[in-house]
Amino acid sequence: MKISTKTTVTSLWAMAVLMTGSSIALAQEKNTLKEALKDKFLIGTAVNTLQASGKDKAGAEVIREQFSAIVAENCMKSQEIHPEENRYNFTQADEFVAFGEKNDQTITGHTLIWHTQLSRWFCVDKDGKNVSPEILKKRMKDHITTVVKRYKGRIKGWDVVNEAFEDDGEYRKTKFYEILGEEYIPLAFQYAHEADPNAELYYNDYSMALPGRRAAVIKLVKDLKKRGIRIDAIGMQGHVGMDYPKISEFEKSMLAFAETGVKVMITELDLTVIPSPNPNIGAEVSASFEYKKEMNPYPKELPAEVAKAWTARMNDFFRLFLKHQDIITRVTLWGVADHNSWRNDWPMNGRTDYPLLFDRNYRPKPIVDLIIKEAARK
């Protein structure tokens, strides 16, 4: 059958319109972080209680639209979920898990054993003296078993132990270490695995680009594996600044951890632009300094040149993560929008920081579009 020129032109035009429409639709589908990164790694955020409960509707909507994974910011830490030895408070943790399930997001529990935000009773007796090793083991097992079993099959993985090492690689002298020594970490992983054999188990720490901490964590992973104790991934906290750490050192740690046979997760990611009153505090949450005006240089807004430099620095990190998407399973921001961030008040109350991907009105910063474009190229 002969086709007229007019018919051919019309058909080609229709096909072009259809193809253009499909391209636009595809671009629109990938216009969120979770869609752009879905074949790369999970993109997550820490969720606070106002967001999980639905009271912060704007924040909850951004989380639903943009993120494929969530982690509990505070509601699963022992002082919140287990305030007294014989009393648990699951209200907020239950809301958090239900929020993730409703939105079809991968859920991480944070954190089972941590020396900070620890219930006061956990490691001491009624007189404030350290309990015996046997008592602490029982308390650890009871706590971990109760919490993990409650969410068995609903939570993909747990930050089992948090921040157990100093910058130089020495064990942090926490109550857990004072009473049980190095053994408290293998015990925590063992108890968590017994409570939910299918849950993934992670070790999480900050300043992981430092050689001392890197070496200590590598040794920990190898020791656990040698003993047949499950560990699935290392969580590299991303509390970074404009001039620290060197991206090359961060990459070196990523590759070194992966070489042990575990996956790598970038956790607690935020990029501060305000100065630190002490360059050696890392992300030590207990640090506190008196407010000084000069330490709060951008109280109203971020100058354009600083915002541009921030965008470039954050983009460099995401380019690194995309480069190594074969070893990374999740990248998690520590908060949704700038006003949610702990950076505003740590280690000095009353400051204004700009460390996250969304501004104080939950609007996406230019970095969001950059990440989406970078993902399309990888």
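**Exercise 1. Decide whether Glu268 is buried or exposed, then describe its surroundings.**

Solution.
Step 1. Glu268 has a relative accessible area of 6%. The cut-off for buried is under 20%. Glu268 is therefore buried. Note that this is a predicted model.
Step 2. Find its element. Glu268 sits in strand β7, which covers residues 263-272.
Step 3. List its contacts, leaving aside neighbours within four places in sequence. Glu268 touches His110, Asn162, Asn204, Gln237, Gly238, His239, Thr332 and Trp334.
Step 4. Check the record. UniProt, in an unreviewed entry, places the feature "active site" at Glu268. Such annotations may be inferred rather than shown by experiment.

**Exercise 2. Find which residues are joined by cis peptide bonds.**

Solution.
Step 1. Start with one contact of Glu268, His110. A cis peptide bond links His110 to Thr111, with omega about 0 degrees. Thr111 belongs to strand β3, residues 106-113.
Step 2. Go on to Tyr244 and Pro245. Their peptide bond is also cis, and omega is near -10 degrees. Pro245 lies in the loop between β6 (233-241) and α11 (247-259).

**Exercise 3. Locate Gln117 and Glu163, and say what is notable about phi in each.**

Solution.
Step 1. Gln117 is not a glycine, yet its phi is positive, about 50 degrees. Its place is the loop between β3 and α7.
Step 2. Glu163 is a residue other than glycine too, and its phi is positive, near 55 degrees. Look for Glu163 in the loop between β4 (157-162) and α8 (175-180).
Step 3. Test Glu163 for burial. Its relative accessibility is 4%, so Glu163 counts as buried.

**Exercise 4. Describe the setting of His143.**

Solution.
Step 1. His143 is part of helix α7, residues 133-150.
Step 2. Its relative accessibility is 1%, so His143 counts as buried.
Step 3. Skip residues up to four places away in sequence. His143 then touches Ser78, Ile81, His82, Tyr88, Leu112 and Phe122.

**Exercise 5. Judge how compact the whole protein is.**

Solution.
Step 1. Count the elements: 13 helices and 8 strands.
Step 2. Compare two values. The radius of gyration is 23 Å, and the globule rule gives 21 Å for 378 residues. These are close, so the protein is as compact as a globular protein of that length.
Step 3. Look at burial. Buried residues make up 52% of the 378.
Step 4. Look at contacts with a separation of 6 or more. Residues 24 or more positions apart account for 77% of them.

Technical notes: Residues are numbered from 1 along each chain as its sequence is written. This is a predicted model: local features need pLDDT of at least 70, side-chain atom pairs count only at pLDDT 80 or more; totals for chains, interfaces and linings use all residues. Side-chain values use heavy atoms; hydrogens and water are left out. Helices (H or I, at least four residues) and strands (E, at least two) are DSSP runs, numbered from the N terminus. Buried means under 20% relative accessible area, exposed over 50%, partly exposed in between (1.4 Å probe, protein chains only). Contact means heavy atoms within 4.5 Å. The radius of gyration is taken over C-alpha atoms; the globule rule is 2.2 Å times the number of residues to the power 0.38.
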